[in-house]
Each structure stands twice: as C-alpha cells, then as structure tokens.
Amino acid sequence: MAYLAPIHRPSSIRHALKLNFLSAAEECLVVAKANCLEFYSQSPDGLVLQHSKAIYGKVTMLQKLRQATSITDHLFVGTDRQMYFTLSWDPTTKQLQTERKYVSVADNAAREAQTGNRCHIDPTGRFIIIEVYEGIINVVPLVQRGKKKKDAEIANMGEPLPTRIEELFVRSSAFLHPRSPRDDKPKLALLYEDSMSRVKVKLRELEFANAPGTGDMVKLDEIQELQGELELGASHIIPISGPTFGLLILGETSISYYDETLNEIHTKPLDDATIFVAWERIDNQRFVLADDYGKLYLLMLVVDENKNVADWKMDVIGKTTRASVLVYLDGGQIFVGAHQGDSQVIRISEKSLEVIQTFANIAPILDFTVMDMGNRSGEGQANEYSSGQARIVTGSGAYQDGSLRSVRSGVGLEDLGLLGEMKNILNIFSLKSSSTAESVDTLLVTFVDESRAFSFDSNGEVEEVDNFRSLALSENTLLACNLPQDRILQVTGSHVQVSDLEGGMIIAEWSPPNGHPITAASANDKSVLLSSGGVLLFVLDVTNGIRPAAGETVSVKFGADTQVSCIALPTITQKPIAFLGFWQQARVSIVDLVTLEPIHTVTVAENSVPRSMILTTIFQDQPPILFIAMADGNVVTYSMNPNTYELSGKKTIVLGTQEANFRALPRGDGTFNIFATCEQPSLIYGSENRLVYSAVTAEKAISVCSFDSEAYPGAIAIATSEDLRIAVVDAERTTHVQTLHVNETVRRIAYSPALKAFGLGTIKRILKNGVEIMQSHFKLADEVLFKELDTYPLNEDELVESIMRCELDDGSGGLVERFVIGTAYLDDEQDTSQRGRIIVLEVTADIKLKEVGELSLRGGCRCLAMIQGKIVAALIKTVVIYAFEYTTPSKPFFNKVASYRTATAPIDITVTGNAIVIADLMKSVSVVEYKRGEAGLPDTLTEIARHFQTTWGTAVAEVDENTYLESDAEGNLMVLKRDTNAVTLDDKRRLQVTSEMLLGELVNRIRRINVATSPNAFVIPRAFVATVEGSIYLFALINNQYQNLLISLQSNLAELIQSPGDVEFNSYRAFKNHVRESSEPERFVDGELIERFLDCSPEVQEKVVEGLGDVEEVRAMVESLRRLH
C-alpha cells in the first residue's frame, strides 16, 4: 500500500478574482493554486492571507455571484472533474460554507476544449455559461427573486442546460455589454477558428424559455458574423462597456475594434509583434495587457465627441513575470498571478511600475535533484525521517522566469550577525546590563573552564568586556539570569553569587558545604535549585540576597538507587514546586520546593532516563505542558493541572537518537515556543490547539537562548560547534525557498557531490525582429551561492533533452566524474529527420567544461542513465546501451552494445541492478533486462515484464524491489509490482497495479530516495514527486502492520469530513483516464486527509477511531506522519 503527503504545496496561480467575500465593506482577492483556495485582504504593505482551504478538485474556473438575500458575494468554483458549486463566508465560524451543491456537466461522449475551461456571467446577471467541451455550451440560469424585472436579483443557480454550437475551436468568448436596457437577450461573442483554419468572430443571442411540462429550454441563435478574416494570431476578445460598447480583439501583430451594431472592424497594427496572454480592465477606457515575454502594457481608448472609439494608444509600463491572470486591486495596484514565475503585486505609475510584493512560485518543476537527506548514524537508529532533513533543488519556471530553487521544509533561520569563530561553547545566556535597559544587551558565553561576556549597543555593535558586573568569568557558568530588584544571578561549578546591576558589586555569595561541586542548576525569580552529582540537592532563596529556604539550607541526600538525573524549577506555578528526574525507573517527581517531599510521581518510560525538563505555557487559556527529554532521543509531554499538579495526557515523540536540551522562546503573548537542540534541532510550538514539532535549519546548533535586544528585536543567539551568531527564527514551520534567477528555462539538472556543483541544461528564448530564437546551454553552478562557474553552448537549433552525472573510463583504466548531455535538434522544414547528440564533458582543475567525446544520433536523446559502467540512452523509439571506450588514451568512442525497441517512445527511464524500467509515451511501463554476452555472443536487452494497459506515462521510479511508481499525463499515480514468484511465465511478465489514485496534477519527475527508518515506522519514505503546479510530494510505502489501520482511518475521515462543495473524497481521488474510471482510490492513502484528523473536534475524533483503537494512539500516529513533511 502507498502513502502520499505534500512537502511543498502548489504555488502556481492560474485563476484569481476580486470580490466582496469576507466582508461587505471590503474587497478581497481569491486565488486558486491547483486544489487550494486562498483569500487575501489588502493592506498598505500588500496582500495579507486571511484564509486558506483545500477543496476536492483542481480549480479550473472562478466567478463571483451576489444572492438577493446576501450582503456579500458568493464564489462560483469549477473543477477539472466537472464539479461546480458556490461558496459563501460564514463570519461566525470563520469558515467556507456551501450554498449550492455541485452539479456535474460531464459528457463522456464530448471532447474537452483545447483552449481551457471558461466561465462567464452575462451583464444582466441572469445566466452563467460554462465552456468545457468543444461545440457545447452549458447555460446555467440564475433563478430570479420576484417576477418583476426591477426585482431581478440573483438568488440560486438552476440546473445546467447544454446547448450545441457549430464553432468547435473557440479561442475566446465574452458577453457583450447591452447598449440599451431593452436588450433582453444577452449576446455572446465567440472568437473561433473554422475548419479552414481561418479566425472569425460570431455573435450569438441567448434565448431562454420556461415551457410548461417540458422544463427550461435554452438556445444560442446566431445573429451575425464578422465579414472577413482576422489575423491568425488573434487570441482574446475584450468586451467594452458604455459609453462606447463593442469588442476589442487582441492579435499578435494588431489590435482591432469591432462595432457589432455596424458590423465593422477597425484594425491598427502594433509597433512590435507579441503574444498577449492576459488582460484586465481598469475602467471603461483603460485596460492592462500582459504578453508572453513578461511585458505589461497600458491600452487606452480614444473616444470622439459621439462617444465612439476613434483610436487607441498602447504604452509599455514595464516588465513583470509572465502573467497567467491579472487583477486590478485599486489605487494603481495590480496583482500579477503567474504559473511559470513568481506572482507579484505591482504599483503602476506613469509609464513605469514598482514591485511591492512577491509570492514565491516554483512551478512548473521541470526537473529536480535531492542534494542530501540529512545526517544519519545507521540503519538501526530510532530517528525517523523528516523532510526538514532533505534539501531539494528544482529547475523551475520557463524562459525569462526560469530559475533554480532550493526547497527545504522546516523552521527557518535568518542570520543577522556572526560574532566570530568560537569552538567548544557549552552554553549561552542573555542578560540585561543595567536597571534602565528595556531589553537584553549582553551575551554570556560559557566554555569548559571560562566564561566570556559580549556587550551590544543599540546599533548592534558588539564588544567583549573583561569584567561584567563582577561575574566569575574564570569559571564555567552553569546558569546566569536577571533577577528582580536589578540583580544578576550566576551559578558556577563551585559557587552561587548575586550581583548588583548598577554598582556591579557582589551582594551575596554561597558555596556548597564540604566542597561539593555543583553539577546542575535551575532558577526562577525567587529560588535556586542545585544538584551536586545527582546525590545532593540544595534549595536557596534569592529574593533578598542568598539565604537558605525555610530558615536553613534545604538539602536532600539521595542513595545509589535514587540518584537525580535532571532538575527543573518552573516559573509559572502558584506554589513553589520543582521537578526531579531520576536515573532509576525513569521516574519524574513533582516535589514541594520547601521540603523536597514528592507531591506526584510518574514513570515516564521503561528503558530510558529523563535528562532535561521544562514547564511552560504553549497555548493560551490551557494548562502548562511539561516537556521531558529522554536519553534515547524521545520527548515525553504531560499536561499539568495548575491546582493539583497532577500530570496527564502523556504523549511521546521521537526527536533524535540523543537527549535534547530545551530553551523557551517567548512569543510575546504570554506563550512560548520550545527550541530543542539535538542532532536534528527542532522547534516545538502550538498551532490549532496541537503541538507541532518541526525541524529547524540549524544543523550544528549546540545551545540557543532568546536575545530580544534593541538592535535585534525578536532574535535568538545560536552557538554551534564552530561559531556564535545572532539570528531570527520563524515562529512556525514553513517551506523555505532560495532562488537563483537563471532567466532561462532550467530543463534538466544534475548534482555532483564531489564538485559541490550543479550541472544545468538550459534553454534561452530571444525575440529578434519578431522571430523567436532558441539557444541552449549546459551550465556549471556552485551549490552554495548558485553562482555560474562555466557554460558550454550547444549548436544552433539544438536543445538539451537530458543530462546526468556519472563515472566513466578515463582511458587509463580508472574512473573519473563526467557530465553526459543528450540533445535534440529542432525540426528543419527541409529535413524532417530527427537528429541529436550525446556529449561527454569533463570539469577541469580550473573549473572549466571541456568536451571529451560526442556521438551523433539520428534522433533526439530523451533520457540518460548508467548500467554496469555503460551509458543507457533513450532515443526517439529505442533504448540503446553504449560502452564509452578508448582506442587510444586520448581518443574515446561510443560502442553500441545492445538496443531495445519500445512500443511508441520512451519518456523516462530508471535503472536498478541489471534492469531498465521504461515509461512509454502511450504503453505504460516495461522492464528490460541487460545481459552481457558470453562466449563471443553480443550483449542483449530482453523484456522481462510489462504493464499491459494503455497509459500515457510521464515519469517512473523503482520504489521497492520489483515495485515501480508511475505517473501519467492525466494526473494519476500507479504502483506497479512484478510477481517473480508467480506460477506461469505469463504471470511473471505481467506488472500488476497494487495501488492507484488520481493526484490531479501532472507529474514531471519522480526521484527515488533511500533513508533509514525505525523498524516500527508507520511508513517507509521511498520517493519525491514533483509536479507542473509546483507541488513536491513525499511518496512512501506503508508498513504492513499499519495498512488496515490507515486505510480504515482514511475511509472514516472521508465519510465524516465534508469539503467545500460537498464533493466526495472517493470520487476526487479515484483513478481516471481516457480508458477507464474507478469509483475510489485503490490501496492509496492521502496523507493530507489523514492529517485533517488533528483538526477535528474531540467528538469527531472519537467517531473516526471507533473500532480502530485509542484516540491518543491514533493522534500520536498522525502527529508522527505529519512530521514526515
């Protein structure tokens, strides 16, 4: 069984709309990112996300409606599965609610429109038209409230009524604005291409009738057609409202105005040819246009005294990313939604623009590589995989928006300053230096045998001081903090002292009797708890100097069987208490601080020891939580009753293989985050009433402390094994994207750990004299700075198809690292034969690219791989194995040793052992075995297995022995398995589908990963999956013992959780292609749905787990799965 969870959610924006949805008084922007709707409000600094919601379906259209009884707009949503519904906003629950359940207008006999789905509302607000299929328009009447025309307000949607038209290939459509209130029948304009490839405009009139007994009837009658042809590049029509009315027709070389009353067209050529891709209305006479090259234009109509369009002017405003959708936000601001670049909010001024906000977008992901999977100590470790350990580098965008993106999930750190290299740091503490200081301004850094103080001024300038308020800097500091009444507490291995902030004098000092060393310390504003070797405890009162608690020093001596392993003093309890952890029986006791007598004791674990503890408030208006770090890397949490001090709600999380150390970081609202330092540092925070454990991008952190200073507000200090730095840590987990703008399409990417560099196959588009010219290069880029190191240009009209890093023969019998490039030439009108090359490059000592050898091909080389030291090349119709050999040490050549002809064309290949797995263009997956020739016989490639179904493959990867994950062009994922133990030979050759579901996004690349997991892990991560929409998913195989639990949990959640539009989960995720359609996903678990268990109310959670186990156990499992990404 298979499991899929998102690491990076879709970031491509193709649809956006402005409407009064969240409030009647304020407009908001809604954007669609694949299957997610996001709602933004406007602020002086840009857009602010207010709400986000996933729906069951990829959004293909958005439109706004206004019901008669509603003060806010409703949102009409259409999906790729032909599901349609309207949503409204419930201000009480702050959630979306479905107003009109979905209506399917699916027609299996019709062919889907090649130019995309469209949706329009006629200007009178009485009809919606939906264009999904060629030659069919679905008209949805909007039921009116009241019978009089003056009461014609939209209420609810009626049933869709399909009507056929002659125009099949419609490029654009729009309702005309009525010139008179008496125009009762809406007019629809269609820009279409006829059977002779001529571009024309036709007007149709929508007639609707309610015939008694037969129901509603609708017709689209042709009323007129523009005489003459338009230019072949005409792509968009723009309806113009009063006072001018009519249509604008956008072409590649001209813009035309069409007056439908006179049936006349006025055309004006453009100064430079271009391809328009989006437009937006500013007012009745001004429009913003975007072209395919990232240019933004302002088109203004010139109106004569008769209110007719006399002329128009068009000026270039500036350059943005290539727009998919434009939305005018008011105040000269425009939202530029992009599919192949970052989306932006821009402000237009006179003939210029300013980018005021950018939204990172890594779509489309054409290729990616996994740089590292984090540090692991071996197969037997208990630390489970987390995507925060992985760094994924993608080739994203296209042409001028092409870029290299480094993607990492986790809590991010932004370095603000580096204090310098300091090794062997043990701990750090932040302090105030004076009574007038409003924030901390000093860092005390402790080492094995000394402490150092660093003072910061308001500008961030730092200075190391030799003497700081009489603190003992010649010793290792165990604890340092500010106390009330302008004092500083310091605990070292030999003594405790309290100093005055103003005079710097030592007010009081205390040392353990008989020279006992202090090995651990914890303090709050009133008391200090000390441990001496785990056998002696001391409690000191520091409210006025240092004096024994309760009139004398409270001390307890523990025997060999009850030694203390860790101590903690809370700061938020009413009664003075302390927490003690013991070596034996893994016990934790809450004790009275005055008598050190136990109040409550719990056994935390069976085979480990508590080593660190902290009690803090994570959630407002909820009891504090006790965090206990165990020696084996587990973290155990309890909720503590503040009145009875009883511990309950035990939960256990695996953070690493070693004990973690905790530091509380204030959030500013009375709650805290917990920074846990271990081999995989994590931030623990509260989100939606649950604890979230997230990896932090600070792999070498040893100790941290809050450093909310005047120069660095909200910052933390981080000590690593090598240095000390100041940084800002994110409050919550996000996906962090680092960008290198290449300004070319990064079509292929390969990573060399030895060179610490990337090999990039890029395509550059140049517009010269109205002609597009394609140039392709192979670039070498540094892994850290993404800096370009060298470039190898390809020939004219030659494009990169594939690249790989490998080790090849160097001519002397040794192996050296090489980059291999597969190319294809663009079709030549005079020579229709396919051509291409395989090129081998070496990186010289001075980091230059040098060609070692090349092979001319009669076709393009789509994919490359290595098998037993030989090159596997997937050509146009065959898969060929080449041996890279040398006639002399300086003359290499390609020796063709074996070949295999595919069913149609190979799209992707992966190699495991001596097997080559091939994803075919139309015929799914085949597995081919390579055997070396013996006794003078040639090498062979023999098909040993095949998936006997028609599937348009896009990517494939082996995810387990004889198990393969395939994606197809219709957004499906399939797990195929070969049964090598089958009885018959035919059964052995047949790849069986073991899991399948509809992802809803086109997958471009699947990369196998190998990670260590614990034997009892719920799932075993096997691959990363990247899509055209900018999503990255983690694919995993479910551990056999949890398969029934997870599939049952998914089934129960699907029944109890409703999605917007009341779309059923099973129909959303059911496999569907042009050959067959399933009713539900087959043995495939959607991790996104499973994680919604954590958002459910306790009552719903009880229903979900009914018959499956305990709620706490299931919640812990889902939390563990959530940490995977």
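**Warm-up.** Which residue in β66 does lysine 764 stand opposite? Glutamine 775 stands opposite lysine 764.

Before going on, some ground rules. This is a predicted model, in which local features need pLDDT of at least 70, side-chain atom pairs count only at pLDDT 80 or more, and totals for chains, interfaces and linings use all residues. Residues are numbered from 1 along each chain as its sequence is written, and side-chain values use heavy atoms, with hydrogens and water left out.

**Exercise 1. Get a feel for the whole chain.**

Step 1: take stock of the secondary structure. The protein chain has six helices and 87 strands (DSSP runs numbered from the N terminus: helices are H or I with at least four residues, strands are E with at least two).

Step 2: check the overall dimensions. The radius of gyration is 34 Å, close to the 32 Å that the globule rule gives for 1125 residues, so the protein chain is as compact as a globular protein of that length (the radius is taken over C-alpha atoms, and the rule is 2.2 Å times the number of residues to the power 0.38). Along the principal axes, the C-alpha atoms fill a box of roughly 110 × 90 × 60 Å.

Step 3: look at burial and surface. Of the 1125 residues, 55% are buried (buried is under 20% relative accessible area, exposed over 50%, partly exposed in between, with a 1.4 Å probe and protein chains only). The protein chain exposes about 47400 Å², and carbon and sulfur atoms supply 46% of that (areas come from the Shrake-Rupley method with a 1.4 Å probe; for residues, only the protein chains shown count as cover).

Step 4: see how far apart in sequence the contacts reach. Among contacts with a separation of 6 or more, 51% are between residues 24 or more positions apart (contact means heavy atoms within 4.5 Å).

**Exercise 2. Walk along the strands from β64 to β67.**

Step 1: start at β64 (residues 745-752). Seven of its eight residues are buried, so β64 is largely enclosed by the rest of the structure.

Step 2: cross to β65. β64 and β65 pair antiparallel over seven bridges (two strands pair if DSSP finds at least two bridges between them). Serine 752 has alanine 757 in β65 as its bridge partner. The hairpin has four residues between the strands, and lysine 756 in the turn has a positive phi of about 50°.

Step 3: go on to β66. Twelve bridges join β65 (residues 757-768) to β66 (residues 771-782), again antiparallel. Here two residues lie between the strands, and asparagine 769 takes a positive phi near 55°.

Step 4: finish at β67 (residues 788-793). β66 and β67 are antiparallel, with five bridges, and lysine 779 stands opposite threonine 791. This hairpin has five residues between its strands, with phenylalanine 786 at a positive phi near 60°.

**Exercise 3. Trace salt bridges between distant parts of the chain.**

Step 1: get the total. The whole structure holds 56 salt bridges (a side-chain nitrogen of Lys or Arg within 4 Å of a carboxyl oxygen of Asp or Glu).

Step 2: try arginine 179 and glutamate 260, whose side chains meet at 2.9 Å, N to O. Arginine 179 is in the loop between β15 and β16, glutamate 260 is in the loop between β21 and β22, and the two are 81 residues apart. Arginine 179 is partly exposed at 32%, while glutamate 260 is buried at 8%.

Step 3: move to arginine 1076 and glutamate 996, with closest N and O atoms 2.6 Å apart. This pair spans 80 residues, from the loop between α3 and β87 to strand β83. Arginine 1076 is partly exposed at 27%; glutamate 996 is buried at 6%.

Step 4: look for a network. Salt bridges link Glu166, Glu167, Lys202, Arg204 and Glu222.

**Exercise 4. Describe the surroundings of serine 343.**

Step 1: place it. Serine 343 is in strand β29 (residues 343-349), and at 1% relative accessibility it counts as buried.

Step 2: list neighbours. Leaving out residues up to four places away in sequence, serine 343 touches Ile13, Phe335, Val336, Gly337, Ala338, Gln357, Thr358 and Phe359.

Step 3: zoom in on alanine 338. Its backbone nitrogen lies 3.0 Å from a polar atom of the serine 343 side chain.

Terms used. Polar contact = N/O pair within 3.5 Å; in protein donor to acceptor, adjacent residues only side chain to side chain.
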